[in-house]
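Biologist: Can you pull the model up? I have a few questions about strands and charged pairs.

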Amino acid sequence: MNMNLKWLGHSCFLLTSGTGVRILMDPCSPKTGYTLAPMAVDAVTASHDHYDHNYFEAALGDPVRITESGPHVVKGVRVTGIPTWHDKERGAKRGRNIMFLVEMDGIRLLHAGDLGHLPDEAALAAAGQVDVLLAPVGGVFTIDAREAKQLAELIHPKVFVPMHYKTEQLSFELGGLAAFLDSLKGCAIHRMRQSEATLTPESLGSDRVLVLEYEKPGEAA
């Protein structure tokens with residue numbers, strides 16, 4: 001079985017299992033500058049209740065909305081919400097954040113949402129072994145490039161996919177991707193030149209960074 005991972009801009013990803021289960025994660029409003037075409041999905045997750053992560057209008061059909069911590073199961077795919085914070089003040093500035101661990105096709109993928117601090121031991125234990133880590137690197141409202149590298153050193157994913165950073169499309173200021181990539185040593189950096197990647201347990205490798213490229217709806221995938 002293959003997992004398809006598609007970056008739709010900002011912190012928004014579409015996961016599709018080998019059997020066709022589709023999970024939309026942290027859909028972003030058009031106010032962010034990204035265009036998110038409505039799509040039929042089985043579930044939609046939102047790490048917190050901000051407009052750049054909870055654009056449920058993009059999720060068509062009758063999807064399961066997952067906005068709370070704890071275990072959830074969608075058509076055989078297990079999604080576990082792990083409570084964290086959007087800042088370093090235990091939520092005093094920006095509130096809560098939920099990291100979502102998705103177990104799909106033999107791969108454990110962790111979407112860190114708008115993580116604003118390095119997770120404590122309880123959160124790391126809840127995440128367990130992570131194969132693919134999607135984490136913010138742009139700072140300002142989340143962890144920055146230096147902290148994202150520290151996060152990777154704590155979690156030890158096989159594959160790191162950066163998100164939540166400044167691009168030409170984004171309508172507000174964040175740090176760019178370069179600072180994070182420049183901090184990496186000993187990692188294989190793959191610039192995909194497309195918005196999606198197909199992952200299997202056998203193809204993950206180790207110490208890899210995948211940089212996906214945003215594609216507007218209608219552009220060739």
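Biologist: What is the bridge partner of Val159 in S16?

Modeller: Arg208 is the partner of Val159 there. Keep in mind that this is a predicted model.

Biologist: How many bridges join S13 to S16, and do they run parallel or antiparallel?

Modeller: Two bridges, and the strands run parallel. S16 covers residues 208-211.

Biologist: And what about S12 and S13, how many bridges there?

Modeller: Five, with S12 and S13 also running parallel. Leu134 stands opposite Val161 of S13. To get from S12 to S13 the chain passes through helix H2, residues 145-155, in a right-handed β-α-β crossover.

Biologist: Which residues of S13 are buried on each side?

Modeller: Val159, Val161 and Met163 are buried on one side, and Phe160 and Pro162 on the other. That makes five of five residues in the strand buried.

Biologist: Just before S12 there's Asp131. Buried or exposed?

Modeller: Asp131 counts as buried because its relative accessibility is 7%, under the 20% cut-off. Asp131 sits in the loop between helix H1 and strand S12. Beyond its sequence neighbours within four places, its contacts include Arg108, Lys158 and Val159.

Biologist: Switching to the open sheet: what is the strand order?

Modeller: S7-S5-S3-S2-S1-S15, six strands with mixed pairing. S7 and S15 are the edge strands, each pairing on one side only. On average, neighbouring strands are turned by 20 degrees against each other, direction ignored.

Biologist: How do S1 and S2 run in there?

Modeller: Antiparallel, joined by five bridges. One pair of bridge partners is Trp7 and Phe13, the latter in S2.

Biologist: Now charges. How many salt bridges does the structure hold?

Modeller: Nine. One of them joins Lys6 and Glu215, with the closest N and O atoms 3.9 Å apart. Lys6 is in strand S1 and Glu215 in the segment after S16, so this pair ties together parts 209 residues apart in sequence.

Biologist: Which residues are linked in a network with that pair?

Modeller: Lys6, Glu196 and Glu215 form the network. Lys6 is buried at 18% relative accessibility, and Glu215 is buried at 14%.

Biologist: What about Lys75, which residue does its side chain meet in a salt bridge?

Modeller: Asp42, at 2.8 Å from N to O. Lys75 is exposed at 64%, whereas Asp42 is buried at 17%.

Biologist: Where do Lys149 and Glu153 lie?

Modeller: Both are in helix H2, four residues apart, about one turn of the helix. They form a salt bridge with closest N and O atoms 2.7 Å apart.

How values were computed. Residues are numbered from 1 along each chain as its sequence is written. This is a predicted model: local features need pLDDT of at least 70, side-chain atom pairs count only at pLDDT 80 or more; totals for chains, interfaces and linings use all residues. Side-chain values use heavy atoms; hydrogens and water are left out. Buried means under 20% relative accessible area, exposed over 50%, partly exposed in between (1.4 Å probe, protein chains only). Contact means heavy atoms within 4.5 Å. Two strands pair if DSSP finds at least two bridges between them. Axes are lines fitted to C-alpha atoms, for helices over the stretch in contact, and angles run from 0 to 180 degrees between N-to-C directions. A crossover is right-handed if, with the strands pointing away from the viewer, the path from the first strand over the helix to the second runs clockwise. A salt bridge is a side-chain nitrogen of Lys or Arg within 4 Å of a carboxyl oxygen of Asp or Glu.
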